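Work through the exercises below with the model open. Each task is followed by a worked solution.

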Amino acid sequence: MTDTRTRPWHGIMVATTLPLREDLSVDLDAYAEHVRWLIAHGCDGVVPNGSLGEYQTLTDAERAAVVRTAVAAAGDGTRVMAGVAAYGSAESRRWAEQAAEAGAGSVLLLPPNAYRADEASVRAHYAEVARAGLPIVAYNNPIDTKVDLTPALLATLHADGTVVAVKEFSGDVRRAYEIAELAPGLDLLAGADDVLLELAVAGAVGWIGGYPNALPESAATLYHAAVAGDLATALPLYKALHSLYRWDSRTEFVQAIKLSMDIAGRPGGPTRAPRLPLTGAVEAAVRAATEKVLAEGLR
């Protein structure tokens, strides 16, 4: 696929799931095939070792191998944004250095998430990881990390020269406009599938997506129509996909997206503990939403 992005973090960057065998070992061959398939079906790149990639459950060797595999499979390191979250800033910096050595084009970094860090700690954290030399996309997920990268704090980090963009996952689409006012040079990336259209209309230049793992072609059509302001195309498609996309913002998002992949014929498969397989009403709801979208011809 021709790369039309002007920055490595622009476009549709898929937060990739990680194929696991039945014994829960990592299947790097299946992962490489999945990366190639995503790019061939309209996505611009991948984000390995994010939450969807279950990075918290990986050994150091597995985590490093996933990044190397992603870069090799993508065929162009600028298409890879490695997740480098860790409890310690020094550890995050080491993962950023590993990503740089592997050839990745950028990294995705949560704020300190072992405690409710104050502004000075957050700034120091990003400054430490920036020493690795790769562009940093900040990841704002105050729901899970309890540290909120507010528009004002993001503007400060951007002025510090430590972040180039933000993956906005707060769910508050109003923030897009305040971020643009306070830090006009900071790129906004949609961080949750179920606010993609709202953030695209508000000026997002990228999407770190979950459901493109299962349905990349419809995701690509939706994204490009949304950022072009083609609401006649984007809005009906968004409505058709939204019952599925909202699972990206729920606690069971990893299992939900992997189940949807299984149904769509992709390598979803199991998850590692403590995540358990979906059962009961939750499994039925994900299955029904997926089958409905597939029945409408969306892929």
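**Exercise 1. Which residue of S6 is the bridge partner of Tyr139? Place the pair in its strands.**

Start with the pair: in S6, Lys167 is the bridge partner of Tyr139. Next, the strands: S5 and S6 (residues 165-168) run parallel and are joined by four bridges. Two strands pair if DSSP finds at least two bridges between them. Strands (E, at least two residues) and helices (H or I, at least four) are DSSP runs, numbered from the N terminus.

The model is predicted: local features need pLDDT of at least 70, side-chain atom pairs count only at pLDDT 80 or more, and totals for chains, interfaces and linings use all residues. Residues are numbered from 1 along each chain as its sequence is written, and side-chain values use heavy atoms, with hydrogens and water left out.

**Exercise 2. Find the pairing between S5 and S4, then trace the chain from S4 to S5.**

Strand S4 (residues 106-109) pairs with S5 in the parallel sense, over three bridges. Leu109 has Ala138 as its bridge partner in S5. From S4 the chain passes through helix H4 (residues 119-130) to S5, a right-handed β-α-β crossover. Right-handed means that, with the strands pointing away from the viewer, the path from the first strand over the helix to the second runs clockwise.

**Exercise 3. Is S5 mostly covered or mostly open? Sort its side chains by direction.**

S5 spans residues 136-140 and is mostly covered, with five of its five residues buried. Buried means under 20% relative accessible area, exposed over 50%, and partly exposed in between (1.4 Å probe, protein chains only). Now sort: Ile136, Ala138 and Asn140 point one way, Val137 and Tyr139 the other. In a regular strand the side chains alternate between the two faces of the sheet.

**Exercise 4. Why does Asn141 count as buried? List what surrounds it.**

Locate Asn141 in the loop between S5 and helix H5 (142-145). Asn141 counts as buried because its relative accessible area is 4%. Its side chain makes a polar contact with the side chain of Asp144, at 3.1 Å. Such a contact is a pair of N or O atoms within 3.5 Å; within protein, one must be able to donate a hydrogen and the other to accept it, and residues adjacent in sequence count only if both atoms are side-chain atoms. Set aside neighbours within four places in sequence, and Asn141 is in contact (heavy atoms within 4.5 Å) with Leu110, Lys146 and Phe169.

**Exercise 5. Classify Asn113, Gly103 and Ser106 by accessibility.**

- Asn113 sits in the loop between S4 and H4. Its relative accessibility is 21%, so it counts as partly exposed. Not counting residues up to four places away in sequence, Asn113 touches Tyr55, Ala86, Tyr87 and Thr145. The C-alpha atoms of Asn113 and Ala86 are 7.9 Å apart, although 27 residues separate them along the chain.
- Gly103 belongs to the loop between H3 and S4. Its relative accessible area is 33%, so Gly103 is partly exposed. Leaving aside neighbours within four places in sequence, its contacts are Val71, Gly77 and Thr78.
- Ser106 lies in strand S4. Its relative accessibility is 0%, so Ser106 counts as buried. Beyond neighbours within four places in sequence, its contacts are Trp9, Val80, Met81, Ala82 and Pro135.
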